[in-house]
Amino acid sequence: YMQPLGSIIQNHGIHFHCYADDTQLYLSMKPDETEPLVKLQACLRDIKDWMSRNFLLLNSDKTEVIILGPEHLRKGLDGVAMASSATVRNLGVIFDQDLSFKPYVNQVCKIAFFHLRNIAKIRKILSQSDAEKLVHAFVSSRLDYCNVLLAGCPSNLLNRLQLIQNAAARVLTGISRRDHVSPVLASLHWLPVKFRIQFKILLLAYKAQNGLAPHYLQDLIVPYVPVRALRSQSAGLLVVPRVSKCRFGGRAFCYQAPLLWNQLPIWVREADTTSTFKTKLKTFLFSKAYS
């Protein structure tokens, strides 16, 4: 029923994503450009007219606008900045204008510790397996959800998420705050938060190279082909692009994925199936985390 909406947006030359109950429009522009904004406003008018003709309502209260970019450039868009939001929720992830993800991490910490306190209250009447199921359902799942977005974020931000995992391990095993938590995490076979992010990135990189990922991810992975015959030609390496680390280039998938992939040993990169790759990758990251 909503399929014609995509054709209307395409006619205006604007990029978009359509989900079950959500439609997102996005475009890139410079502060001194006005043409993209004119196209966006015309597109919204046509969307509103189409929805009116089909007995649908464009809910203005649920329509959000966010401008992403450096603060000094955002100020150049005064007319839009007044109507834009400082944060918006995108498929459960909170995006802020600086893409720092601090509000999102704050929200994850708040919810995760709320559930941990509740689990701790009933921990004594739960078996080990049941308690672990609760921890994975209410805490670990939140640490893993869309964690690729946090690649390249400052360590102090990731440390806050690591404190959640440490607290979950203490609740599960009953150790005190004074006890060292790393041996406990290793005994539970839990990868630290930093390595869980790397695991997800490398798994996406493997799928992108084997035709198991969306095309927009496959296009970001470029195999390394040396100019002349070298040993590295058959090593399965990827091209690491040059990026501006002072902005967001060092956090992009096109940079993080090849960088981490080239650091893998060849016995991991040459895995023939996805399940085999996941097993070998976890073994490698586990040894790297707790060596």
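When I call a residue buried this morning, I mean that its relative accessible area is under 20%, and please keep in mind throughout that what we are looking at is a predicted model.

With that in hand, let me start at α11, which runs over residues 253–261 and is mostly covered, with seven of its nine residues buried. Those buried residues are Phe253, Tyr255, Gln256, Ala257, Pro258, Leu260 and Trp261. What lies over them? The cover includes α9, α10 at 215–218, α12 at 266–269, and α13.

Two of those covering helices come up again when we turn to the nonpolar interior. The largest nonpolar core has 60 residues, and among its members Leu161, Ile164 and Phe277 touch the most others. The elements that give two or more residues to this core are the strand β4 together with the helices α5, α6, α7, α8, α9, α11 and α13, and the greatest contribution, 10 residues, is made by α9. If you would like one residue to click on, take phenylalanine 277: setting aside its neighbours within four places in sequence, Phe277 is in contact with Leu202, Leu203, Tyr206, Trp261, Leu264, Val268 and Ala271. Trp261, you will remember, is one of the buried residues of α11. Apart from this, there is a second, separate core of eight residues, which includes Leu5, Ile9, Ile47 and Trp50.

Let me move on to the empty spaces, beginning with the enclosed one. The structure holds one cavity of 30 Å³ or more, and the volume of this largest cavity is about 40 Å³. Its lining consists of Gln198, Leu202, Leu260, Gln263, Leu264, Phe284, Leu285 and Lys288, with α9 and α13 as the elements that supply two or more of these residues. Of the elements, α13 gives the most, with three residues, and by class the lining has five nonpolar, two polar and one charged.

Next comes the second largest pocket, where about 400 Å³ of space lies. Which residues are nearest its centre? Out of 24 lining residues, they are Leu158, Val193, Lys194, Phe195 and Gln198, and Gln198 also appears in the lining of the largest cavity. At least two lining residues of this pocket come from each of α7, α8, α9, α11 and α13, while α9 supplies the largest share, namely six residues. The lining of the second largest pocket divides into 15 nonpolar residues, eight polar and one charged.

Finally, I would like to spend a moment on the strands. Strand β1, residues 15–18, and strand β2, residues 23–26, run antiparallel and are joined by four bridges, one of which pairs histidine 15 with tyrosine 26; the hairpin between β1 and β2 passes through four residues.

Further along, β3, residues 87–90, is likewise joined to β4 by four bridges in an antiparallel arrangement, and here arginine 89 has isoleucine 94 as its bridge partner. The hairpin of β3 and β4 has two residues between the strands, and in it leucine 91 takes a positive phi near 55°. In a regular strand, side chains alternate between the two faces of the sheet. Turning to β4 itself, Val93 and Phe95 point one way whereas Ile94 and Asp96 point the other, and which of these are buried or exposed? All of them are buried, Asp96 included.

Technical notes:
Residues are numbered from 1 along each chain as its sequence is written. This is a predicted model: local features need pLDDT of at least 70, side-chain atom pairs count only at pLDDT 80 or more; totals for chains, interfaces and linings use all residues. Side-chain values use heavy atoms; hydrogens and water are left out. On a 1 Å grid over the protein atoms alone, a cavity is a set of points where a 1.4 Å probe fits but cannot get out, and a pocket is an open set with protein on both sides within 12 Å along at least five of seven lines; lining residues have an atom within 4 Å of a point. Grid points are joined across faces, edges and corners, and a volume is the space filled by probe spheres set on the points. Ala, Val, Leu, Ile, Met, Phe, Trp, Tyr, Cys and Pro count as nonpolar, Asp, Glu, Lys and Arg as charged, and the others, Gly among them, as polar. Two strands pair if DSSP finds at least two bridges between them. A nonpolar core is a set of buried Ala, Val, Leu, Ile, Met, Phe, Trp, Tyr and Cys residues joined through side-chain atoms within 4.5 Å. Buried means under 20% relative accessible area, exposed over 50%, partly exposed in between (1.4 Å probe, protein chains only). Contact means heavy atoms within 4.5 Å.
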